[in-house]
Amino acid sequence: VASPEACASIIWRTAEKASDAAEAMKVSAQELIKIKIVDEIIKEPLGGAHRDYKEISESVRSCILKNLGILLSKPVDEVLEARYKKLLEIG
C-alpha cells in the first residue's frame, strides 16, 4: 500500500503528480463510495477539518451515533452476515 504521493514519486518521479496518482488509484471519497468500501462520507468544514475542530467533531459524532443506532437495532447475526458479505464483495 502506498500513498498517492509515494505512487506519483515512483511512477512520475515527482510527488507533484499526487492528484493524478490518487485518481488512478481510485482513492477519492466518491470512488470509495462507488466501490462500496466506505458507507458514508462525512462532509468537512470549509477549508478542511483542521480549520474547525468543533464542527468536524460534531459531524463525526452525529454519524457514529446514527450508524450505531442502525446497527444496534439489528440482531448481531444479521450485522455479522452483512459485514461478511460486504467484505467478500470488496475482494
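## Val79 in helix H5

Let's start with one residue: Val79 has its place in helix H5. Keep in mind as you read that this is a predicted model. Val79 has a relative accessibility of 24%, so it counts as partly exposed; the buried class ends at 20% and the exposed class begins over 50%.

Which residues does Val79 touch, once those up to four places away in sequence are set aside? They are Leu71 and Lys74. Lys66 makes a useful distance check: it lies 13 residues from Val79 in sequence, and the two C-alpha atoms are 15 Å apart in space.

## The largest pocket

If you are looking for a place to put a probe, the largest pocket has a volume of about 380 Å³. The lining of this pocket consists of 13 residues, and those closest to its centre are Asp39, Asn67, Ile70, Leu71 and Arg83. Two elements each give two or more residues to the lining: helix H4, which spans 53–72, and helix H5, which spans 76–90. H5 gives the most, with five residues.

What is the make-up of the lining by class? Six of its residues are nonpolar, one is polar and six are charged. Leu71, one of the residues closest to the pocket centre, is also one of the contacts of Val79.

## Lys86, a buried lysine

Helix H5 also holds Lys86. Is this lysine buried or exposed? Lys86 counts as buried because its relative accessibility is 14%, below the 20% cut-off.

Beyond residues up to four places away in sequence, Lys86 touches Lys36, Ile37, Val38 and Asp39. Among these, Asp39 also belongs to the residues closest to the centre of the largest pocket.

## Two residues with positive phi

Lys36, which Lys86 touches, is worth a look at its backbone too. Its phi is near 60 degrees, a positive value in a residue other than glycine. Lys36 is found in the loop between helix H3 (29–34) and H4, and with 52% relative accessibility it counts as exposed.

Arg13 also has a positive phi, of about 60 degrees, although it is not a glycine. You will find Arg13 in the loop between H1 and H2. At 73% relative accessibility, Arg13 counts as exposed.

## How H1 meets H2

Now for the helices on either side of Arg13's loop. Helix H1 covers residues 4–11 and helix H2 covers residues 18–25; they pack at an angle of about 105 degrees, with their axes 8 Å apart. That angle makes H1 roughly perpendicular to H2, a class that runs from 65 to 115 degrees. On the H1 side, the contact is made by Pro4, Glu5, Cys7 and Ala8, and on the H2 side by Ala18, Ala21, Ala22 and Met25. Seven of the contact residues are nonpolar, none is polar and one is charged.

Ala8, found in helix H1, takes part in this contact. With a relative accessible area of 0%, Ala8 is buried. Leaving aside neighbours within four places in sequence, Ala8 is in contact with Arg13, Thr14, Ala15, Lys17, Ala18 and Ala21. Ala21 sits 13 residues from Ala8 along the chain, yet their C-alpha atoms are separated by 5.5 Å.

Definitions and conventions
Residues are numbered from 1 along each chain as its sequence is written. This is a predicted model: local features need pLDDT of at least 70, side-chain atom pairs count only at pLDDT 80 or more; totals for chains, interfaces and linings use all residues. Side-chain values use heavy atoms; hydrogens and water are left out. On a 1 Å grid over the protein atoms alone, a cavity is a set of points where a 1.4 Å probe fits but cannot get out, and a pocket is an open set with protein on both sides within 12 Å along at least five of seven lines; lining residues have an atom within 4 Å of a point. Grid points are joined across faces, edges and corners, and a volume is the space filled by probe spheres set on the points. Helices (H or I, at least four residues) and strands (E, at least two) are DSSP runs, numbered from the N terminus. Ala, Val, Leu, Ile, Met, Phe, Trp, Tyr, Cys and Pro count as nonpolar, Asp, Glu, Lys and Arg as charged, and the others, Gly among them, as polar. Buried means under 20% relative accessible area, exposed over 50%, partly exposed in between (1.4 Å probe, protein chains only). Contact means heavy atoms within 4.5 Å. Axes are lines fitted to C-alpha atoms, for helices over the stretch in contact, and angles run from 0 to 180 degrees between N-to-C directions. Angles under 35 degrees count as roughly parallel, over 145 as roughly antiparallel, 65 to 115 as roughly perpendicular and the rest as oblique.
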